[in-house]
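Colleague: I should be grateful for a close look at a single part of this structure. Please describe that part in detail and then place it within its surroundings.

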Amino acid sequence: MRIFKILVFSSIIAGLITVKAHAQMHSTDASHSDHIITILAEDYAFQAPDVIPQGWTTIEFSNEGNEDHFLLIAKPPEGKTFDDYASGVLIPFNDVWYALRDDGISQEDAMGKLGADLPEWFWAVEFIGGTGIIPAGATTQITLNLEPGSYVIECYMKNEDGELHNVEGMMRELTVTESPSEASPPNADIAITLSNFEMMIDGDLKPGKHSFSVHVAEHPEQGFGHNVHVARVAPDTDVREVQRYMNFMEVDGLQTPAPVQFIGGMHIMPQGNTGYFTAELEPGRYLFLSEYTGHLGVMQDVTIE
Amino acid sequence: MLKKLFFVTALILCCFAISIAQTSVAGHPVLENLSSEPGIVEVELTASQERLSLVPGVETDVYAYNGRVPGPLLEVSEGDSVIVHFKNNLPEKTTVHWHGLHLPFVMDGSPFHPVGPGETFTYAFRIHEGTAGTYWYHPHPHHRTAWQVGMGLYGGIIIRDHNDPLPDTLTERLLILSDNRFDDDGQIEFAETGSRQKRVDDMNGREGDVLFVNDEIMPELTIRSGEVQRWRIVNASGARIYRLALEGHTFTHVGSDGGLFEHPVEVDEIILSNGERAELLVYGTGEPGSSITLRDLPYDRYMPMFRPSNWEKTNDLLTLLYTDEKPVQEPFEVPETLRKIPELTLDDATETRIMRMTNGKINSRTMDMNRVDETAELGATEIWDIRNLVGMDHPFHLHGFQFQVIDRNGEPVSQRKWKDTVNVPGFESARFIVRYDNYPGLWMFHCHILDHEDQGMMGVLEVK
């Protein structure tokens with residue numbers, strides 16, 4: 001049970017390094033009906049606001065770097081700080097990554113090592129959502145309902161040297177205050193439901209810009225979480241190769257350059273939560289793929305006519 | 001006859017004593033001025049491999065200027081013309097960068113002008129009025145600066161003001177701070193490529209566990225009770241940032257990179273990042289016969305995941321011994337106004353340049369000697385907005401032009417001062433204003449953690 005959870009969260013945490021973001025930032029003492037912030041990713045940092053109000057929050061996420069990036073939002077348990085997260089969680093993941101990369105240990109051994117090295121409180125970390133992978137120069141939007149608290153944003157992809165982006169600096173604190181926001185969730189024209197062994201997509205997948213809702217109906221019994229990365233692929237792309245690339249524990253997994261073109265998605269959320277993302281589809285073949293559970297059937301292979 | 005002989009001997013001894021005294025300033029040997037012409041300072045400087053005793057009882061292979069670590073002091077005055085005949089006797093190319101000085105591009109000793117092994121170069125430049133202060137020199141070859149400075153190439157510079165508001169009766173000390181790491185054989189240790197330590201050094205910058213003040217470990221300096229001393233401090237460490245405090249004493253902070261402040265400031269401690277300098281007045285408020293310690297207090301400049309386990313350790317740097325003499329009865333009072341610093345006004349600024357610093361990169365780019373990153377007009381006044389996007393400190397250094405920090409994280413700074421290096425802590429920002437006077441050329445800007453600079457956290461500003 002724990003091993004599975006480790007695998008899930010290993011990718012998550014591996015992404016702990018943050019980027020610094022600079023964004024438009026609402027004051028924290030007023031309510032907002034258009035709660036939009038901007039987070040910029042670059043190699044390897046985020047520009048983001050430090051403090052935002054609670055509630056439905058649209059994050060416009062732009063990749064201004066030269067490599068693929070995503071945004072994952074993690075909420076450490078009460079009493080644990082950004083510093084605790086960076087030092088207590090990221091170091092074990094980085095050590096395991098080095099053991100995989102440099103010492104050639106097996107993924108099973110890596111998970112065992114993680115289980116031994118991670119602090120107990122790690123299992124109480126909540127992953128609140130985030131964007132799917134987007135390439136350099138791309139922008140995507142996600143909308144999440146954020147509760148007050150202290151969060152960590154990060155990207156755990158790997159650079160060409162095989163170093164984790166979060167370890168390189170792509171990790172940052174985000175504080176959500178109790179100041180209210182009256183913003184509402186967007187209207188989605190495509191609904192994605194994530195459940196064990198299945199990804200349901202409802203709606204008319206046609207060329208053009210779409211607003212997707214993503215609902216996590218259930219977590220896997222053995223602790224895997226689900227997310228959605230959307231990738232445009234060639235007609236002859238082997239899905240297993242993309243699944244393999246999505247595995248952080250593969251030596252070239254999540255490493256620049258990506259073998260396919262990602263266009264966004266929604267990162268891991270708690271069971272029962274719903275988030276939103278936008279993506280523009282062109283005619284062609286797309287994979288909607290869960291990073292950790294895609295190989296267990298939580299994926300869709302669709303062709304847009 | 002005997003009387004005459006005695007007189008001549010005394011005269012010779014006196015001259016010899018004066019000669020000895022003149023070769024040491026602020027506790028440092030001085031580069032000998034070969035010129036007898038007023039206003040000309042002409043010196044010889046050679047970089048070479050040497051074997052010196054840095055740590056007592058052990059001989060270490062080093063790089064040295066004129067056979068010393070640190071190199072001898074360059075002492076000049078405002079208005080002087082300086083000629084440095086430099087010889088590179090190292091087995092690799094190098095440069096001599098005159099950190100903080102306002103001089104022509106070709107004389108800056110930047111990576112654009114390497115001096116090959118066995119080659120010579122004559123640096124010639126003029127010392128501008130208003131630039132009196134504490135500076136330093138060090139090599140700046142692309143990708144090799146951390147190595148060469150770590151091997152021992154650095155030295156101090158004092159520029160004097162003929163009308164210095166502080167009297168020359170104050171005992172003056174130049175404290176060049178550095179740190180280093182040694183292997184079991186006493187040789188300077190650099191991490192092996194691919195090692196865990198190399199990864200840490202690449203991220204934090206290479207820190208040493210042996211701390212030097214000039215050429216000594218924990219030297220003993222003296223002060224008389226009631227005396228006031230003028231300390232000039234240079235951070236020549238490749239990566240260590242110092243948080244300096246003198247137990248039971250305050251400092252009067254009177255100057256920084258580009259010389260004296262407008263007004264002195266009373267402080268309990270100062271933070272000195274890589275490449276920065278500070279001028280302090282130390283008041284001997286202790287009792288005769290007592291002693292105190294200059295300490296480097298813990299300073300967290302690190303990414304949380306790379307923070308050394310001993311980062312909270314306080315390091316002792318030197319002992320200040322009070323002499324047994326009775327206290328000085330007429331204490332010195334520092335002037336309320338030290339000098340007037342011309343204001344660079346925001347209204348004159350024609351451009352704001354945003355520098356986003358991430359680990360190893362500026363604006364998502366690494367250094368390319370064939371690329372110009374920023375272009376500006378000679379004489380223009382501009383604002384630089386330095387944003388540190390990651391969780392560790394990055395000290396930002398601009399070559400060629402002194403600037404004035406105008407705010408930090410949007411908060412105005414307390415007083416105007418000339419700077420060439422500004423430390424920007426993790427996730428913070430600082431803005432400065434600068435005017436590109438006199439000298440066109442390709443000017444480097446970079447993080448002064450030398451390992452970061454070598455990794456390419458550096459760019460080129462073309463002024464034309």
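Modeller: In this predicted model, helix H2 of chain A has a kink of about 35° at A:Leu90. The proline A:Pro92 comes shortly after that kink. The helix covers residues 82-103 of chain A, 22 residues in total. At 1.5 Å a residue these should span 32 Å, and because the end C-alpha atoms are 30 Å apart, the expected and modelled spans agree. After H2(A) comes A:Gly104, which has a positive phi, near 70°.

Burial along the helix may be considered next. The buried residues of H2(A) include the kink residue A:Leu90 and the proline A:Pro92. Before the kink, A:Phe82, A:Tyr85, A:Ala86, A:Gly88 and A:Val89 are buried. Further along H2(A), the buried positions are A:Phe93, A:Asn94, A:Val96, A:Trp97 and A:Leu100. As a general point, an α-helix has 3.6 residues a turn, so residues three or four places apart point the same way.

The largest nonpolar core comprises 191 residues, and those touching the most other members are A:Phe46, A:Leu71, A:Ala74 and A:Ile153. H2(A) is the element that gives the most to this core, contributing nine residues.

H2(A) also takes part in the contact between the chains. This contact draws 23 residues from chain A and 14 residues from chain B. On the side of chain A that touches chain B, at least two residues each come from strand E2 (45-47), H2, helix H4 (165-168) and strand E9 (171-177). H2(A) gives the most to this side, with six residues. By character, the residues of chain A on this side are nine nonpolar, seven polar and seven charged.

A further contact lies within chain A. The domain assignment places domain 1 at residues 2-177 and domain 2 at residues 190-304 of chain A. Here, 37 residues of domain 1 meet 31 residues of domain 2. On the domain 1 side, two or more residues each come from helix H1 (2-14), H2, helix H3 (107-117), strand E6 (126-130) and strand E7 (139-146) of chain A. At this boundary H1(A) gives the most, with eight residues. The residues on the domain 1 side divide into 18 nonpolar, twelve polar and seven charged.

One residue in contact with the helix deserves separate mention. A:Glu173 is located in strand E9 of chain A. This glutamate counts as buried because it has 20 C-beta neighbours inside 10 Å. Leaving aside neighbours within four places in sequence, A:Glu173 contacts A:Phe82, A:Ser150 and A:Val152. Of these, A:Phe82 is one of the buried residues of H2(A). The C-alpha atoms of A:Glu173 and A:Glu154 are 8.9 Å apart, with the two positions 19 residues apart along the chain.

For the wider setting, chain A contains five helices and 17 strands. Of its 305 residues, 50% are buried. Among contacts in chain A with a separation of 6 or more, 74% join residues 24 or more positions apart.

Methods. Residues numbered from 1 in each chain as written. Chains lettered and ligands numbered in written order. Predicted model: local features only at pLDDT ≥ 70, side-chain atom pairs only at ≥ 80, totals over all residues. Helix = DSSP H or I, 4+ residues; strand = E, 2+ residues; numbered from the N terminus. Expected span 1.5 Å × (residues − 1). Bend = angle between axes of the 7 residues up to and from the residue. Buried ≥ 20, exposed ≤ 12 C-beta atoms within 10 Å, placed from the backbone. Core = buried A, V, L, I, M, F, W, Y, C linked by C-beta atoms within 7 Å. Contact = placed C-beta atoms within 7 Å. Nonpolar A, V, L, I, M, F, W, Y, C, P; charged D, E, K, R; others polar. Domains from an automatic or database assignment.
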